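Subject: Structure for you to look at, with notes

Dear colleague,

Please find the structure below, placed ahead of my notes so that you can keep it in view while you read.

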Amino acid sequence: MVIDVFLPLVLVIALVWVLKNAVEDVMHASKGQNSPRREFWDKRWTAREKRTGKPRPKATGFWSKGPLRRYLFDSWADAWANANTKRADRVDDERAAYEAARVEQVAARDAALAAAAEQRTQQSRPTPGPPAAGQADTQPAPTDTATAITDPASIPTPTPEELAAMFARPSTPNPASPTGPAAPPSKEAAPMSTPNPEVSGHASAKNYADAMAKAATAAVTSLEQTIARMTAGKVGGPALGHLAQAQESAAAMAAQLKAAHAVLAKHDVVGEAYQANRDAGDKDWMTKE
């Protein structure tokens, strides 16, 4: 009865003691250190040598610094070195895959922005209607001539080349004739420099401000489209910055021209009053008292 109870307990205690020493020896051996149990026996052998004068016997088997021990420790170190190399390679591959995915994401975003800008530009361009019955066989006017503006809504959206020419060439008055007064304006000879090269009254000034506001708005749209295409083409550097500043200037110009047109539109009531009362006198007569 006693043997049946204590014998398994003794075996369990012995097995735990062996496993503890084995784990402790392996941990210290992997660090290149001696385990506490080994140091304890080293101290005992040193004290025995001092007491008896007999040298300590040389270790044999696994604990001697022989080929087997070197092979096992080198295999252990090589395994950890290979695992560390594989880990570094895996991290590099993941980083490269993330960077490639990021580049594709940015390219897709830029392409979507460019497509949206192109769609907005196409939608903002007016659709020409069918020609009138009496104008079907008439010859179209040349693109380089200027006509009087009667309806600002009928002005077509200029192209970027026309906008560049519009803002680059200032309008010049008609040269005086050598034998008489200034020559009348000619549709065939006058180049298109501005939507209305001559402002002679309230109506022409208002039409001029409205036409220039539409031209500046078209310039903003054209610059937005150009910036989007250049961005999609991987163009960078100061060029995009200059174009963006030009777009901001064109937007500010369009806002100021629209404001000027709104102020001039408020003056229409003065002209209507003059038309209704032509014999009321001039401004000085009506306002001096």
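Glutamate 118 is partly exposed, because its relative accessible area is 23%, and buried would require under 20%. Please bear in mind that this is a predicted model. The side chain of glutamate 118 meets that of arginine 229 in a salt bridge, with 2.6 Å from N to O. Since glutamate 118 belongs to helix H3 and arginine 229 to helix H5, this pair ties together parts of the chain that are 111 residues apart in sequence.

A second link of this kind involves lysine 206 and aspartate 268, whose side chains form a salt bridge at 3.0 Å, again N to O. Here lysine 206 lies in helix H5 and aspartate 268 in helix H7, which covers residues 268–276, so the parts tied together are 62 residues apart in sequence. Aspartate 268 counts as partly exposed, with a relative accessibility of 23%.

Arginine 95 and aspartate 92 also form a salt bridge, in which the closest N and O atoms are 3.4 Å apart. Both of these residues sit in helix H3, 3 residues apart, which amounts to about one turn of the helix. Arginine 95 is partly exposed at a relative accessible area of 45%, and aspartate 92 is likewise partly exposed at 42%. In general, side chains of opposite charge can pair when their charged atoms come close. The structure holds 5 salt bridges in total, and the pairs described here are among them.

As for the overall fold, the chain has 8 helices and 0 strands, so that reading along the sequence gives the pattern α-α-α-α-α-α-α-α. Of its 289 residues, 16% count as buried.

Which residues make up the largest nonpolar core? This core consists of 5 residues, namely Met212, Ala213, Ala216, Ala254 and Leu257. Helix H5, running from 202 to 232, and helix H6 each supply at least two of these residues, and the largest share, 3 residues, comes from H5.

Helix H5 itself has 31 residues and reaches 45 Å from its first C-alpha to its last, which is close to the 45 Å expected at 1.5 Å a residue. Following H5 comes lysine 234, whose phi is positive, near 65°. Helix H2, residues 36–52, can be described in a similar way, since its 17 residues reach 24 Å from first C-alpha to last, close to the 24 Å expected at 1.5 Å a residue. Just after H2, glycine 53 takes a positive phi of about 80°.

Helix H6 covers residues 238–266 and contains alanine 244. With a relative accessibility of 28%, alanine 244 counts as partly exposed. The C-alpha of alanine 244 is 8.1 Å from that of glutamate 224, although the two residues are 20 apart in sequence.

Turning to the aromatic side chains, the count comes to 2 aromatic pairs. In one of them, the ring centres of phenylalanine 40 and tryptophan 41 are 5.8 Å apart and the ring planes meet at 75°, so the pair is edge-to-face. Phenylalanine 40 is partly exposed, with a relative accessible area of 45%, and tryptophan 41 is partly exposed as well, at 40% relative accessibility. Tryptophan 76 and tryptophan 80 also form an edge-to-face pair, with 6.0 Å from centre to centre and 70° between the planes. These two tryptophans are 4 residues apart in helix H3, residues 67–124, and so they are separated by about one helical turn. Tryptophan 80 counts as exposed, because its relative accessibility is 55% and the exposed class begins over 50%.

Finally, there is a nonpolar patch on the surface, of about 480 Å², which is made by Val5, Phe6, Leu9, Val10 and Ile13. One of these residues, valine 10, is found in helix H1, which spans residues 2–30.

With best wishes

Notes
Residues are numbered from 1 along each chain as its sequence is written. Side-chain values use heavy atoms; hydrogens and water are left out. Patches are made of residues with over 30% relative accessible area and no salt bridge: like charges are joined within 9 Å, nonpolar side chains (Val, Leu, Ile, Met, Phe, Trp, Tyr) within 5 Å. Accessible areas come from the Shrake-Rupley method with a 1.4 Å probe; for residues, only the protein chains shown count as cover. A salt bridge is a side-chain nitrogen of Lys or Arg within 4 Å of a carboxyl oxygen of Asp or Glu. Buried means under 20% relative accessible area, exposed over 50%, partly exposed in between (1.4 Å probe, protein chains only). Rings of Phe, Tyr and Trp (its six-membered ring) pair if their centres lie within 6.5 Å; planes under 30 degrees apart count as stacked, over 60 as edge-to-face and the rest as tilted. A nonpolar core is a set of buried Ala, Val, Leu, Ile, Met, Phe, Trp, Tyr and Cys residues joined through side-chain atoms within 4.5 Å. The expected span of a helix is 1.5 Å times one less than its number of residues.
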